[in-house]
Amino acid sequence: MHALLAGLGMGLSLIVVIGAQNALVLRQGVLRQGVPAIVAICAVSDALLIAVGVGGVGTVLSAWPAVLEVVRWFGAAFLVGYGVLAVRRMLRPGVLVGGAGGTILTCLALTWLNPHVYLDTVLLLGTASTGFGGERWWFAVGAMAASVLWFSCLGFGARWLSGVFARPSAWRVLDGAVAVVVTATGVSLVV
């Protein structure tokens, strides 16, 4: 039980931060568009990455830094590009994210092209799980539960913020914050 709760706590501590993925889930939740699919993509992706990390791939990846280097550059380019799009939405708040297909592809890209997901989910959680020996999979279940809990609350709970986001100025603030965070993250990956 200790490993499960530790995984839940560590999982929440890593995922409950503002970033491009969480902003997308929040945006879709407020708009009430494709929320089940977006939540499922984020939670299932995290579960797969956590399982890979706990299964020991984090150790293998640390032996092949070139793989992380490629992901770092692709991720940096994507994040800076997404930051530019957020600035565009901030300046023209009537322009929202495209249809469901575009949103799903954006969600997949924000999840799988973000190098921080590999550092946090695969390497950090994978490494932390080794401290639990035979109970490391309970740690993984706790971290996976944190992901399901967070994305579900964020995506489905965002409807209560729809009143706040009825004003274009609220979208401008959100998009401005997202632009700063993702662009800074992208630039920090290069630097």
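Which helices each supply at least two residues of the lining of the largest pocket? In this predicted model, the answer is helix 1, helix 2, helix 3 (35–54), helix 6 (100–112), helix 7, helix 8 and helix 9. Here's a quick tour of that pocket, the one cavity of 30 Å³ or more, and how helix 8 packs with helix 1 and helix 7.

**The largest pocket**

- The volume of the largest pocket comes out at about 500 Å³.
- There are 26 residues lining the largest pocket, and Leu14, Val17, Gln21, Asn114 and Asp120 sit closest to its centre.
- Helix 7 chips in the most to this lining, with five residues.
- Sorted by class, the lining of the largest pocket has 14 nonpolar, 10 polar and two charged residues.

**The cavity**

- The structure has one cavity of 30 Å³ or more, and the largest cavity holds about 40 Å³ of space.
- Its lining is made up of Ala23, Leu24, Arg27, Tyr82, Arg89, Leu174, Asp175 and Val178.
- Helix 2 (20–31), helix 5 (65–91) and helix 9 (168–190) are the elements that give two or more residues to the lining of the largest cavity.
- That lining splits into five nonpolar and three charged residues, with no polar ones.

**Helix 1 against helix 8**

- Helix 1 (residues 2–15) and helix 8 (residues 136–157) have axes that come within 6 Å and cross at roughly 40°.
- Helix 1 and helix 8 are therefore oblique to each other, and their crossing is right-handed.
- On the helix 1 side, the contact uses Ala3, Leu4, Ala6, Gly7, Leu8, Met10, Gly11, Leu12 and Ile15.
- Facing them from helix 8 are Trp138, Phe139, Val141, Gly142, Ala143, Ala145, Ala146, Ser147, Trp150 and Phe151.
- By class, this contact has 15 nonpolar and four polar residues, and no charged ones.

**Helix 7 against helix 8**

- The axes of helix 7 (residues 115–129) and helix 8 come within 9 Å, crossing at roughly 140°.
- That angle makes helix 7 oblique to helix 8, and this crossing is right-handed too.
- Helix 7 brings Leu125, Ala128 and Ser129 to the contact, while helix 8 offers Arg136, Phe139 and Ala143.
- The class tally for helix 7 with helix 8 is four nonpolar, one polar and one charged.
- Phe139 and Ala143 of helix 8 turn up in the contact with helix 1 as well as in the contact with helix 7.

Terms used: Residues are numbered from 1 along each chain as its sequence is written. This is a predicted model: local features need pLDDT of at least 70, side-chain atom pairs count only at pLDDT 80 or more; totals for chains, interfaces and linings use all residues. Side-chain values use heavy atoms; hydrogens and water are left out. On a 1 Å grid over the protein atoms alone, a cavity is a set of points where a 1.4 Å probe fits but cannot get out, and a pocket is an open set with protein on both sides within 12 Å along at least five of seven lines; lining residues have an atom within 4 Å of a point. Grid points are joined across faces, edges and corners, and a volume is the space filled by probe spheres set on the points. Helices (H or I, at least four residues) and strands (E, at least two) are DSSP runs, numbered from the N terminus. Ala, Val, Leu, Ile, Met, Phe, Trp, Tyr, Cys and Pro count as nonpolar, Asp, Glu, Lys and Arg as charged, and the others, Gly among them, as polar. Axes are lines fitted to C-alpha atoms, for helices over the stretch in contact, and angles run from 0 to 180 degrees between N-to-C directions. Angles under 35 degrees count as roughly parallel, over 145 as roughly antiparallel, 65 to 115 as roughly perpendicular and the rest as oblique. A crossing is left-handed if the near helix is turned anticlockwise from the far one by less than a right angle, and right-handed if clockwise. Contact means heavy atoms within 4.5 Å.
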